[in-house]
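Reader: I'd like a close look at one part of this protein, the open sheet and whatever sits against it. Here is what I have on my screen.

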Amino acid sequence: GAVTAAGKPLAKKLPPERGRAVSVTLPDPEPVDVAPQDIPLDVVYEDSDVIVVNKPKGWWSIRPPPPGRHAGQRPAPPLRGLPLRHRRREAPRHRPPHRPGHQRPDHRRQKRRRPSALAAQLADHTLARTYECLAVGNFRQDSGTVDAPIGRSRSDRKKMAVVAEGRPAVTHWEVLARYPGVTHLRCRLETGRTHQIRVHLAYIGHPILGDTVYGNRKPVPGLTGQCLHATGLRFLHPRTGCPVELTCPRPEEFERMLTKLQKRT
């Protein structure tokens with residue numbers, strides 16, 4: 001009822017027509033009563049400039065929130081802002097009260113107003129991110145690259161897909177081990193598109209084991225999600241310029257599935 005023409009609400013699927021006058025009424029944003037949460041974080045690295053967190057499965061860190069979620073909702077709270085703000089004892093600056101914790105963890109404000117050094121490294125590919133995953137199927141080659149643009153899916157706007165009009169996306173992969181019907185991969189990203197590894201592997205016919213969005217919709221016994229984990233991060237410290245290289249062990253669920261596959265072999 002907020003979009004009308006000639007005083008009457010427009011149907012959602014009504015195609016636009018040249019010359020038709022359309023009125024849109026934007027409601028005032030509703031305030032959200034959300035306070036910083038004292039939630040334990042698995043901090044891999046922290047100093048006065050940078051904090052690196054091993055994000056638990058099920059936590060979202062993007063803006064806007066995923067469909068059906070809002071800031072502070074449990075059991076999957078946003079990593080960006082609320083737990084970090086509680087840890088840093090900070091209040092958001094230059095943000096309206098109805099958008100708490102909007103600042104990015106990797107865009108911590110600096111005294112001199114300049115672009116984030118970490119964001120610049122992400123743009124010029126000097127920030128290296130390494131992932132491990134279990135992919136469905138057998139790979140004939142030992143390594144390869146998927147270079148395919150990623151954008152919103154034409155059929156489902158909640159999903160990403162390889163589309164011609166998408167943004168450039170490059171994923172390098174190499175085989176770590178082969179098991180019956182499953183391959184253990186190490187992936188390195190050149191770009192940082194949403195769901196990039198999941199989309200690229202599904203695109204080449206090898207979706208990630210347990211990925212019910214881009215792969216088989218039937219859950220895998222013993223898994224609560226997809227077997228994908230960020231195992232390595234390398235960047236230049238934004239203040240000192242010194243290289244920082246971090247590793248993060250695979251989660252227990254990932255290890256249990258590896259053990260199960262090894263026993264089958």
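To set the scene before you get to the sheet, what share of the residues in the chain is buried? After that, walk me through the strands, the helices on them and the salt bridges around them.

Author: Keep in mind that this is a predicted model. Buried residues make up 38% of the chain's 265 residues. The chain holds four helices and 13 strands. Its accessible surface is about 16900 Å², and carbon and sulfur atoms own 51% of that. If you take the contacts with a separation of 6 or more, 55% of them join residues 24 or more positions apart.

Now for the sheet. It's an open one made of six strands, and going across you meet them in the order E7-E10-E11-E6-E12-E13, with antiparallel pairing. The edges are strand E7 (143-147) and strand E13 (243-247), each of which pairs on one side only. On average, neighbouring strands in this sheet are turned by 20° against each other, direction ignored.

Let's zoom in on one pairing. Strand E6 (residues 128-136) and strand E11 (residues 182-189) run antiparallel and share eight bridges. One spot to click on is valine 136, whose bridge partner in E11 is valine 182.

Two helices come up against these strands. Helix H3 (residues 196-203) packs on the sheet and touches E6, E7, strand E10 (170-179), E11 and strand E12 (228-236). The direction of H3 makes about 70° with that of E10. How enclosed is H3? Six of its eight residues are buried, so H3 is largely enclosed by the rest of the structure. The buried ones are Gln196, Ile197, Arg198, Val199, His200 and Leu201. That list has an arginine and a histidine in it, so don't go looking for nonpolar side chains alone when you check which residues count as buried, meaning under 20% relative accessible area. Just after H3, glycine 205 takes a positive phi of about 90°.

The other helix is H4 (residues 252-264), which lies across E6, E10, E11 and E12. H4 runs at about 45° to E6.

For a residue inside the sheet, try threonine 231, which is in strand E12. With a relative accessible area of 11%, threonine 231 is buried, because the cut-off is under 20%. Leaving out residues up to four places away in sequence, threonine 231 touches Thr130, Tyr131, Glu132, Leu246, Thr247, Cys248 and Arg250. Two of those names come back in a moment: Glu132 and Arg250 are linked with Glu255 in a network of salt bridges.

That brings us to the charged pairs, and the count comes to nine salt bridges. Near the sheet, aspartate 142 forms one with arginine 178, with the closest N and O atoms 3.0 Å apart. This pair links distant parts of the chain, since aspartate 142 is in the loop between E6 and E7 while arginine 178 is in strand E10, 36 residues apart. Aspartate 142 counts as exposed at 52% relative accessibility, whereas arginine 178 is partly exposed at 37%.

A salt bridge with a longer reach along the chain joins the side chains of aspartate 49 and arginine 239, at 2.6 Å from N to O. Aspartate 49 lies in the loop between E4 and strand E5 (51-53), and arginine 239 in the loop between E12 and E13, so the pair ties together parts that are 190 residues apart in sequence. Aspartate 49 is partly exposed at 26% relative accessibility, and arginine 239 is exposed at 54%. The side chains of arginine 20 and glutamate 17 meet in another salt bridge, at 3.3 Å from N to O. Arginine 20 is partly exposed, with a relative accessible area of 31%.

One last stop is on the surface. Val3, Val22, Val24 and Leu26 form a nonpolar patch there, with about 370 Å² of accessible area together. Leucine 26 sits in the loop between strand E3 (23-24) and strand E4 (43-46). Its relative accessible area is 70%, so leucine 26 counts as exposed.

Notes:
Residues numbered from 1 in each chain as written. Predicted model: local features only at pLDDT ≥ 70, side-chain atom pairs only at ≥ 80, totals over all residues. Heavy atoms only, no water. Pairing = 2+ DSSP bridges. Axes fitted to C-alpha atoms, helices over the stretch in contact; angles between N-to-C directions. Contact = heavy atoms within 4.5 Å. Patch = residues over 30% accessible without salt bridge, like charges linked within 9 Å, V, L, I, M, F, W, Y side chains within 5 Å. Areas by Shrake-Rupley, 256 points an atom, 1.4 Å probe, with all protein chains shown as cover. Salt bridge = Lys/Arg side-chain N within 4 Å of Asp/Glu carboxyl O. Buried < 20%, exposed > 50% of the residue type's maximum accessible area, 1.4 Å probe, protein only.
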